[in-house]
Amino acid sequence: MVSAHRVELKTGEALFREGDAPTSAFLIESGRLRITATVGGQQAVLGDVDTGALVGEVAVLDDSPRTATATALEPTVLTAIDRNQFAERLAAADPVMRALLLSQFSRYRTALASFTGNSAPGVRMASSLHDAGHDKIRLEGQLREALETGGLEMRLQPIQHITTARISGYEALIRWHHPERGPISPAEFIALAEETSLIMPVGDYVLREVCAALRQISERTPGRSPYIGLNVSGRQINDPGFIDRVAAQVSEHGIKPAQLKIEITESLMLDYTKVSAFLERCHDAGMQVALDQAFVQQLGDTRCLAIVRAVIEMAAALRCDIVAEGVETAEQLGCLRDLGCQYAQGYLIGRAQSVESVLATCCD
């Protein structure tokens, strides 16, 4: 008996046969099935499966005719899984995992074809989805190489102290000019790093670059001490050894802890207890802390102003500075001044520039 999602088989009844169209996969709720395939004109047993097993999924996923027959060895109850359920999840899956899965399907098909003496159907998948998985695997390897060879470039975007209108520091921004693809968006490769174990090495790479730049600035301009803001990720905040590594780099490069400002985004503030403990450790180590805020575009909405004021008050309670990002107009800067925001960053203040350009400006 077959309902919309439930299938009940009697002993000896076939669930599907070789050559059938792959309409559904099945989850065995109870009972047992035998899987057979034609080998040299005879039926050969490939194996028996029972409760909890998923059957028929390979043909559904690669959209190929059934290459085996499933027959009930005893009364069996199954749940049918529509092919669209698989297709939607596969299309939405991480491209790397999808590429690995499709590779396994291909090997399975080849091994089965070798056993049965039949030709192996190719694994069917939209080339764009298949290529995306391979591209992501390749890009991850190239990012690892860039970290090892110094292929990532740090650029510095100026930050203005709003009250005095002076440039008081810079935010470190990481850029990657790929040898084949050209500039790759930080949104792409930082997201890739966060999905893998690379976010910590990327963070340490930027930390070293920041400390090296601060040392150069201090040597060239002994009378000035601009800071550089270092963005930290949630995983760095959770890393118990992060502050110690920062302190070690500060000491190794001979700079003052206060020249390095740890910047966190407003999204990380949702875990207040964890972040406040992290901030205390930063303060104990002599480092400044800033809260990056991307609220500039909402300054014209009176309903948002109360929230902005509350965030500024919270930052003050945590002994954090506020850096408003994305400032593009004098009107926005004036509004920030009225709200009591300390620092502004954006195209109105200045675009990101190389360390060499910053050094040249500092020495003018």
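Where in the chain is arginine 319 found? In this predicted model, arginine 319 sits in the loop that runs between helix 10 (302–317) and strand 15 (321–324), and the points below place that residue alongside other features of the fold. The chain has 364 residues, of which 44% are buried, and its secondary structure consists of 12 helices and 17 strands. The average pLDDT over the chain is 83, and 83% of the residues score at least 70.

**Overall build and confidence**

- When contacts between residues at least 6 apart in sequence are considered, 71% of them join residues that are at least 24 apart.
- The accessible surface of the chain amounts to about 18,300 Å², and carbon and sulfur atoms account for 52% of that surface.
- Residues 122–130 call for caution, as pLDDT stays under 50 over this stretch, for which the model has 15 contacts beyond four places in sequence.

**Nonpolar cores**

- The largest nonpolar core is made up of 68 residues, and those with the most contacts inside it are Val210, Leu260, Phe278 and Leu336.
- Helix 6 (residues 199–220) supplies the largest share of this core, with 11 residues.
- Another core lies apart from it and has 15 residues, including Ile28, Ala53, Ala72 and Ala80.
- Phenylalanine 278, one of the residues with the most contacts inside the largest core, is in contact with Val232, Gln236, Ile237, Phe242, Ile243, Ile262 and Ile264, once its neighbours within four places in sequence are left aside.

**Helix 11 and its surroundings**

- Helix 11 covers residues 330–339, and its buried residues are Gln332, Leu333, Gly334, Leu336 and Leu339.
- These buried residues of helix 11 pack against four elements of the chain, namely strand 9, helix 10, strand 15 and strand 16 (343–344).
- Leu336 therefore appears both among the buried residues of helix 11 and among the residues with the most contacts inside the largest nonpolar core.- Just after helix 11, glycine 340 takes a positive phi of about 90°.

**Glutamine 157 in strand 9**

- Glutamine 157 has its place in strand 9 (residues 152–161), and with a relative accessible area of 10% this residue is buried.
- A polar atom of the glutamine 157 side chain lies 3.1 Å from the backbone oxygen of glycine 350.
- Not counting residues up to four places away in sequence, glutamine 157 touches Gly169, Tyr170, Glu171, Leu173, Gln345, Gly346, Tyr347, Gly350, Arg351 and Ala352.

**Positive phi outside glycine**

- Most residues other than glycine have a negative phi.
- Arginine 319 is not a glycine and yet has a positive phi of about 60°; with a relative accessible area of 48%, arginine 319 is partly exposed.
- Alanine 165 likewise has a positive phi, near 60°, and this residue is placed in the loop between strand 9 and strand 10 (166–178).

**Cysteines**

- A disulfide is a covalent bond between the sulfur atoms of two cysteines, and the count of disulfides in this model comes to zero.
- The closest cysteine sulfur to that of cysteine 282 belongs to cysteine 320 and is 8.6 Å away, which is too far for a bond, given a cut-off of 2.5 Å between the sulfur atoms.
- The sulfur of cysteine 341 has its closest cysteine sulfur in cysteine 335, at 9.9 Å, and this distance is also too far for a bond.
- Cysteine 282 is buried, with a relative accessible area of 0%, and cysteine 341 also counts as buried, at 3% relative accessibility.

**Helix 6 and helix 8 positions**

- Glutamine 216 is placed in helix 6 and counts as partly exposed, because its relative accessibility of 36% falls between the 20% and 50% limits.
- Glutamine 216 touches Val355 and Leu359, not counting residues up to four places away in sequence.
- The C-alpha atoms of glutamine 216 and isoleucine 255 are 9.7 Å apart in space, while the two residues are 39 residues apart in sequence.
- Glutamate 252 is found in helix 8 (residues 242–253), and at 57% relative accessibility this residue counts as exposed.
- A distance of 9.8 Å separates the C-alpha atoms of glutamate 252 and arginine 208, which are 44 residues apart along the chain.

Technical notes:
Residues numbered from 1 in each chain as written. Predicted model: local features only at pLDDT ≥ 70, side-chain atom pairs only at ≥ 80, totals over all residues. Heavy atoms only, no water. Helix = DSSP H or I, 4+ residues; strand = E, 2+ residues; numbered from the N terminus. Buried < 20%, exposed > 50% of the residue type's maximum accessible area, 1.4 Å probe, protein only. Core = buried A, V, L, I, M, F, W, Y, C linked by side-chain atoms within 4.5 Å. Contact = heavy atoms within 4.5 Å. Areas by Shrake-Rupley, 256 points an atom, 1.4 Å probe, with all protein chains shown as cover. Polar contact = N/O pair within 3.5 Å; in protein donor to acceptor, adjacent residues only side chain to side chain. pLDDT = per-residue confidence, 0-100.
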